[in-house]
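These are my notes on the model, set out as numbered points for discussion. They begin with the contact between the domains and then turn to individual residues.

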Amino acid sequence: LQLAPMMEYTDRHFRHAVRLITGKTLLYTEMVAANAMSRERNDSMEEYSSSISPPPSEKEIRENYSDQYLQRYLGQGQVQPLEGPSVLQLGGSEPNQLYQAAQTVMDMTERGWCDYTAINLNCGCPSPKVAGKGSFGAALMDDPKLVSELTTAIHDGCDGKLPVTVKCRIGTDTHTEPFSKDGYAEIDPQVEYSRLCKFIEQVASNSPVTDFSVHARIAVLRKSFSPADNRKIPPLKYNFVHRLVEDFPELTFTLNGGIDTLSQVQEQLEACPSLNGVMVGRGFAADPWGFSMADKLLYKSSSIDDGTIIVPKNRLELLTEYGKHADKEEESGDPVKIRRFITKAVMTLFTAEPNGKRYRIALDEVA
């Protein structure tokens, strides 16, 4: 089971709440823009360098520049249970920016602010701000050569110490413009699948990437198509991801798209046992407690690798443990600014339950 990257949802507070619910689920961050991270790092390094005489070495600069602003991009929860298996997702289309972003991750890891287990390149977001103006996200699927360069830059930036993965779609509407459901239905599925295979082959052959998370829909890149439209209108083609598992046994694949419940996760794993995992996004955000049995049902265990039982028995226990995270966060930041983010992470904990509305109103008052 994997928590999908979602902007304005999968921040460190929500990830900590999910980790309290399931100790084994792989967590993804929100997408972090590589250009913003590299700019912050360069400004901080330049500021430190200009304040020291004689000029410090590059090693000294990397060890001492201010990381105050970078913590907001890369910080993880600082109380037990720690985040554990988690993936930082980066967005960008400039190799040098992604190289510098990966270096920043290593700097922050050395300082103890984060401990990610992999870095993922976003090749699946269809948002006009990302795939349009930003020319990255799902738009990168049309340029596998560039994707290879970007992932190699990330690999080099983290000195090969972290795996580099890709999250993508099964394709884009580049070959079907203007997109319509009827027009799309007329496309030969084999031709469409062949394009997807070409993307996978080129990226895997020319970069360190061996792991792909695939949203089983195409991305429609025209401006009039919203991210919500892209999550609902293009039909799901799970069989494409299942076929990738069979056709590329040397690679690993995770299925994403339209999976909202734990039972649906089980169905996909039963239908294709060789899947590396199943990724859930909106379902987690809408009803996180609905996945409270994930460890027992999927992993036959409610403990993490060292045997420590971390899954609360009920939501009161969860909130009690989450309160420790909230206290720590408020100690290190401005409570007025951070509290609404802390409460948002547990806002849907009582979805569809009696008095759930009263609970949300109470949290609003706290925030």
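1. In this predicted model, the area buried between domain 1 and domain 2 comes to about 1500 Å², and carbon and sulfur atoms give 64% of it. On the side of domain 1, the residues that lose the most area to domain 2 are His-13, Leu-20 and Trp-289, which together account for 37% of what that side buries.

2. The bounds behind this interface are residues 2–298 for domain 1 and residues 315–366 for domain 2. Taken over C-alpha atoms, the centres of the two domains are separated by 27 Å, and the contact between them involves 18 residues of domain 1 and 17 residues of domain 2.

3. Which charged pair links the two domains by a salt bridge? The count between domain 1 and domain 2 is one salt bridge, and Arg-12 forms a salt bridge with Glu-329 in which the closest N and O atoms are 2.9 Å apart.

4. The unreviewed UniProt entry carries a "binding site" annotation that covers Pro-5, Met-6, Met-7, Gln-89, Lys-167, His-215, Asn-256, Gly-257, Gly-258, Gly-281 and Arg-282. Of these residues, Met-7 is included in the lining of the largest pocket.

5. Gln-89, one of the residues under that annotation, has its place in strand S3, which spans residues 86–91. Is Gln-89 buried or exposed? Its relative accessible area is 3%, which is under the 20% cut-off, and Gln-89 therefore counts as buried. Residues up to four places away in sequence being left out, Gln-89 touches Pro-5, Thr-29, Glu-30, Met-31, Val-32, Asn-120, Asn-122 and Lys-167; Pro-5 and Lys-167 are also covered by the annotation.

6. Gly-257, likewise covered by the "binding site" annotation, is found in the loop between strand S7 (252–256) and helix H12 (262–271). Although it lies in a loop, Gly-257 is buried, with a relative accessible area of 2%. Apart from neighbours within four places in sequence, the residues in contact with Gly-257 are His-215, Arg-217, Leu-236, Tyr-238 and Met-279, and His-215 is itself among the annotated residues.

7. Lys-237 may be read alongside these residues. The loop that holds Lys-237 runs between helix H10 (227–232) and helix H11 (238–247). With a relative accessible area of 14%, Lys-237 falls under the 20% cut-off and so is classed as buried. Not counting residues up to four places away in sequence, Lys-237 touches Ile-170, Tyr-184, Glu-192 and Ala-216.

Key: Residues numbered from 1 in each chain as written. Predicted model: local features only at pLDDT ≥ 70, side-chain atom pairs only at ≥ 80, totals over all residues. Heavy atoms only, no water. UniProt positions renumbered as here; feature names shortened; annotations may be inferred. 1 Å grid on protein atoms, 1.4 Å probe; cavity = no way out; pocket = protein on both sides within 12 Å on 5 of 7 lines; lining within 4 Å. Helix = DSSP H or I, 4+ residues; strand = E, 2+ residues; numbered from the N terminus. Buried < 20%, exposed > 50% of the residue type's maximum accessible area, 1.4 Å probe, protein only. Contact = heavy atoms within 4.5 Å. Domains from an automatic or database assignment. Buried area = accessible area lost by both parts, 1.4 Å probe. Salt bridge = Lys/Arg side-chain N within 4 Å of Asp/Glu carboxyl O.
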